[in-house]
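Here are my notes on this one, as numbered points you can check in the viewer. I start with the rings and finish with the pocket.

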Amino acid sequence: MVSASETLPSHAMPPLPTGQRLRAWLYRNEAVRGYLLLSPTLLVMVGLMVLPLLGMFAMSFFTQKYVTIDYSFTLDNYWTIFEPSSTPAYFLGIPFYLHKPIYLLLLFKSILISLASTAAVVLLAYPMAYFLAFRVTKHKMAWLILITVPFWTSYLLRVFAWKIILGYNGVINSGLVSLGLIDQPLEFLLYNPFSVIITLAHAWAAVAILPIYVSLEKIDRSLLEAATDLGDSRLERFLRITLPLSLPGTIAASLLVFIPTVGDYITPTLVGGTNGIMIGNVVQSLFSKGNNAPLAAAVSVVSMMTITIMVCIFLWSVGRSRMTRREI
């Protein structure tokens, strides 16, 4: 017997219902199915991240008129930041030929503090991650849970704890005085960039341990055994195999620490004092006490663009160096 579909020409067949056609189209497009699964997350990201950033970018082109905002397009806020001057202001011997150098000067200072904090975090996190990956054989999950214990408490409380530790009558000064090592408490431990770096390094160490640990855990142990059989010492084996293969995790940890610490304002406020002010404190002050949201938005945009360019150049240089090594 011949079916009805075989006797009818293709153009005479009835069209499929809309629902069936949509399911068939989704079945053929794997990328669309993936985006549909991510749609709740994408909606949250767009609503809570992209739209606020676009609003802040638009706000940077307005001006504050006393208690109201003039929504006329202008570049006055950016001119305030980059207005040139014939008289330079110096920071670490670097001249800033700007009429109001405070914004870029604090941005430069914040980048230096963040770089120092990132270096301290990586130096603290790498040995711990190495110990977990190569020395711990049992109860690794318990160790990983212990690493995340600091996140069980408020970030504000952890900063306050360091303020007590580094204070004039804090734990360190009291201990040194009681041991007779100093006659009077040390004043340089608190309210300076040094205290900000220490506090940031402690607060973000756990964030850096996890990506470095994952990168070390994925290293093929047979490569290390082969290097040992070929006569490499422990140091040579680490420099030639372990460190290069763990660079992706180390780079990821560095970026996870560097990017948010540049804009931190809680830590400088509590332990930095007047000498430890960062660009985040200026933005927070302009939004609140200064009542100048457009200028604060412009400073934020300049800071974000600067950090984005720095990160892109860093990733490009890392990728280029890896390609060069592969060609060699």
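1. First stop, the aromatic cluster. This is a predicted model, and in it Phe-57, Phe-61, Phe-73 and Tyr-78 are linked into a cluster by ring pairs. Pull those four side chains up together and you can follow the links from ring to ring.

2. How many aromatic pairs are there by the ring-centre rule? The count comes to 10. Two of them get their own points below, with the usual pair of descriptors: a pair of aromatic rings is described by the distance of the centres and the angle of the planes.

3. Phe-62 with Tyr-71. The ring centres of Phe-62 and Tyr-71 are 5.0 Å apart, and the planes make an angle of 70 degrees. That makes the pair edge-to-face, because the angle is over 60 degrees. Is each partner buried or exposed? Phe-62 has 17% relative accessibility, so it counts as buried, being under 20%. Tyr-71, at 57%, is over the 50% mark and therefore counts as exposed. So this pair joins a buried ring to an exposed one.

4. Phe-131 with Trp-143. Here is another edge-to-face pair, with 5.4 Å from centre to centre and 65 degrees between the planes. Phe-131 belongs to helix α5 (residues 102-134), while Trp-143 belongs to helix α6 (residues 140-147). The two residues are 12 apart, and the pair links distant parts of the chain. Phe-131 counts as partly exposed at 34% relative accessibility, and Trp-143 is partly exposed too, with a relative accessible area of 33%.

5. A charge over a ring. Which residue lies over the face of Phe-151? Arg-158 does, at 5.4 Å from the ring centre.

6. The loop between α5 and α6. His-139 is placed in this loop, and so is Arg-135. Phi of His-139 is positive, near 55 degrees, and the residue is not a glycine. For context, most residues other than glycine have a negative phi. His-139 counts as exposed because its relative accessibility is 63%, over 50%. Arg-135 falls between the two cut-offs of 20% and 50%, at 49%, so it counts as partly exposed. If you want a long distance to check, the C-alpha atoms of Arg-135 and Arg-28 are separated by 48 Å, with their positions 107 residues apart along the chain.

7. Tyr-66. Where does this residue lie? Tyr-66 is in the loop between β1 (63-65) and β2 (68-70). Its phi is positive as well, at about 60 degrees, although Tyr-66 is not a glycine. With 77% relative accessibility, Tyr-66 counts as exposed.

8. The β3/β4 hairpin. Strand β3 (residues 84-91) and strand β4 (residues 94-98) run antiparallel and are joined by 4 bridges. Ala-89 stands opposite Phe-96 in β4. The hairpin has 2 residues between its strands, and Leu-92 in the turn has a positive phi of about 55 degrees.

9. The largest pocket. Its volume is about 360 Å³. There are 15 lining residues, and the closest to the pocket centre are Ile-259, Gly-263, Ser-300, Ser-303 and Met-304. Which helices each supply at least two residues of the lining? They are α12 (247-262), α14 (279-287) and α15 (293-327). Of these, α15 gives the most, with 6 residues. By class, the lining divides into 9 nonpolar residues, 5 polar and 1 charged.

10. One last residue, in α12. Ser-254 is found in this helix, and at 17% relative accessibility Ser-254 counts as buried, since that is under 20%. Val-50 is 204 residues away from Ser-254 along the chain, and their C-alpha atoms are separated by 24 Å.

Methods
Residues are numbered from 1 along each chain as its sequence is written. This is a predicted model: local features need pLDDT of at least 70, side-chain atom pairs count only at pLDDT 80 or more; totals for chains, interfaces and linings use all residues. Side-chain values use heavy atoms; hydrogens and water are left out. On a 1 Å grid over the protein atoms alone, a cavity is a set of points where a 1.4 Å probe fits but cannot get out, and a pocket is an open set with protein on both sides within 12 Å along at least five of seven lines; lining residues have an atom within 4 Å of a point. Grid points are joined across faces, edges and corners, and a volume is the space filled by probe spheres set on the points. Ala, Val, Leu, Ile, Met, Phe, Trp, Tyr, Cys and Pro count as nonpolar, Asp, Glu, Lys and Arg as charged, and the others, Gly among them, as polar. Rings of Phe, Tyr and Trp (its six-membered ring) pair if their centres lie within 6.5 Å; planes under 30 degrees apart count as stacked, over 60 as edge-to-face and the rest as tilted. Buried means under 20% relative accessible area, exposed over 50%, partly exposed in between (1.4 Å probe, protein chains only). A charge sits over a ring if NZ of Lys or CZ of Arg is within 6 Å of the ring centre and within 35 degrees of the ring normal. Two strands pair if DSSP finds at least two bridges between them.
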